[in-house]
Amino acid sequence: MFRSLYTKLAVGLFILLVSVGLVYVFISIVSLQQYNASINQELHRGLAKDLVSDRNLVKEGRLDEQALKALFELYMTINPSIEIYLLDTEGRILSYSADPDKIKRNRVSLAPIRQFLNDPTQYPVLGDDPRSHEREKAFSVTPVPSAENPEGYLYVVLRGEEYDAVQMMAREGQVIRMSAWAVLASLVVGMIAGLLVFRMLTRRLTRLTQLVEAFEHQEDATADRTTWRSQRPHVRDEIDYLGVTFDRMADRIGDQMEQLREKDALRRRLVAQVSHDLRTPLASMQGYVESLRMKRAELSDEEQERFLSIALSEGHRLGHLVNELFELASLEAREKQPCVEPFAPAELVQDVVQKHTPEAAKHGQSLTVTGNRSLPMVRGDLGMTERVLDNLIINAMNDSASGRAIELNLGVQGDRLVVAVNDNGPGISQADLDHVFDPLYRGQSGNGSGHAGLGLAIARRIMELQGGDIDVLNRPQGGASFVVRLPLSD
């Protein structure tokens, strides 16, 4: 029942409105009491003084006890709304017009009396009620027999106990009815307005929930779907921002699903190709070894040596492929991390060229370094970068004909070092350019082995781990150019 946000908001609003209504009733009652006390005291401020004057309570500068007693009896009968007390100058109660059994105080505080007499504009000033130890009442007071010769005070409580009892009965019924209607009306109007506002807010949240549920049950995350942007083109508040963020998240999930499909297809193809490439040298090696074992007596020493050489060559080829597989798997699993540090790229390139110059000379090829030799320091893993250059130079020597030059061109583009390894081979077909870095990709321009191997896939992964990149393009004058980029050191 309370699972939806709209229901929870409605219940919360109902509790809030009821609480506000109760607080309103309490404040109204307190304010009404203060207001009535102020009005009553302001209207009857001079009542005590008028009683002394009208009833002739003072004769020849003395308080007339008989007249005061008659006044008490009169007001107990005809005006029970007020109670009259005679106090001495210390606040002790000397006589009164109330029921003696209900008087609980022997004296009242003089502080409110002095405040009342000193500041005639302040309302309400509440004084002690002789009928209660806690209650305070509005009052009127005057010194007797006179202000110039005070022997005590005529203290008039403006709303006596009987008056309060009758008024409380009437007021409680009226206040309860008024408060009930006020709370009910406020509750109804507030609930209707609040529910409409909550409906406007939760409607978009409900719509967003439906989009999420539809995406959750969608079998193909890359298929077309309804987006938040298509329904709300402009971002106006947090809900729109949440919807747009969900769109971006769903698109990212779709892209990742597509990448997973591509990687899964690549993995399947890689497994098939690796199985073939491992089976071929293994079968050749087994065939020559079995032939040597079965026909050893019939074969000459030269033939036996040739069979062993071929088997050994196939074993080396098999071992090289297995090592590359382990290296690529280690890089993909991030088990092998680069140690990035500043190094001098020109020195590294020169060392790599010198290392491969003898092998190039055997094939009638030459290695040359061109471009800017005064290069700034770069950030990368020295050993891994050397591994990439070794691979690219070996591939260039395999693809270039005898008597041709292999060029390493150095330069800087923006904040990156650029090393281009240029060969003079037949180049790469346009259909193969986007796939030469795929593991064991077989293209239209493959070499004699029938596959591209894992070296370029390893080179690309190494460059990615270092924060660099590698690319390939065909040169206009012929041949391919593999371009390596590394960030410059700060």
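Trainee: Which residue in β7 is the bridge partner of Leu86?
Mentor: This is a predicted model, in which local features need pLDDT of at least 70 and side-chain atom pairs count only at pLDDT 80 or more, while totals for chains, interfaces and linings use all residues. Residues are numbered from 1 along each chain as its sequence is written, and side-chain values use heavy atoms, with hydrogens and water left out. Strands are DSSP runs of E with at least two residues, helices are runs of H or I with at least four, and both are numbered from the N terminus. Strand β3 (residues 83–88) and strand β7 (residues 150–157) run antiparallel and are joined by six bridges, and the partner of Leu86 in β7 is Leu154.

Trainee: Which residue in β4 is the bridge partner of Leu86?
Mentor: β3 also pairs in the antiparallel sense with strand β4 (residues 93–96), over three bridges; to pair, two strands need at least two bridges found by DSSP. In β4 the partner of Leu86 is Ser95.

Trainee: Which residue in the hairpin of β3 and β4 takes a positive phi?
Mentor: The hairpin has four residues between its strands. The positive phi is near 90 degrees, and the residue is Gly91.

Trainee: How many of the six residues of β3 are buried?
Mentor: Buried means under 20% relative accessible area with a 1.4 Å probe, counting protein chains only. Glu83, Tyr85 and Leu87 point one way, Ile84, Leu86 and Asp88 the other way, and all are buried. The strand is therefore largely enclosed by the rest of the structure, and the count is six of six.

Trainee: Which strands stand at the edges of the open sheet that contains β3?
Mentor: The order is β4-β3-β7-β6-β5, with antiparallel pairing. Each edge strand has a single partner, so one side of each is left without a neighbour in the sheet; these are β4 and β5 (126–128).

Trainee: What angle does the direction of α2 make with that of β6?
Mentor: Helix α2 (residues 47–54) packs on this sheet, touching β3, β6 (136–145) and β7, where contact means heavy atoms within 4.5 Å. Axes are lines fitted to C-alpha atoms, for helices over the stretch in contact, and angles run from 0 to 180 degrees between N-to-C directions. The angle is about 40 degrees.

Trainee: Which are the edge strands of the sheet with the order β9-β11-β12-β14-β13?
Mentor: This open sheet of five strands has mixed pairing. Each edge strand pairs on one side only, and the two are β9 (366–371) and β13 (469–474).

Trainee: Which residue in β14 stands opposite Leu473?
Mentor: β13 and strand β14 (residues 480–487) run antiparallel and are joined by six bridges. Opposite Leu473 stands Ser481.

Trainee: At what angle does α10 run to β14?
Mentor: Helix α10 lies across β9, β11, β12, β13 and β14. Its angle to β14 is about 175 degrees.

Trainee: At what angle do the axes of α9 and α10 cross?
Mentor: The axes of helix α9 (residues 345–362) and helix α10 (residues 382–399) come within 10 Å. Residues that meet include Leu348, Val349 and Val352 in α9 and Leu382, Leu389 and Ile393 in α10. The crossing angle is roughly 35 degrees.

Trainee: What share of the contacts with a separation of 6 or more is between residues 24 or more positions apart?
Mentor: The chain holds 11 helices and 14 strands, and 38% of its 490 residues count as buried. The share of those contacts is 64%.

Technical notes. Buried < 20%, exposed > 50% of the residue type's maximum accessible area, 1.4 Å probe, protein only.
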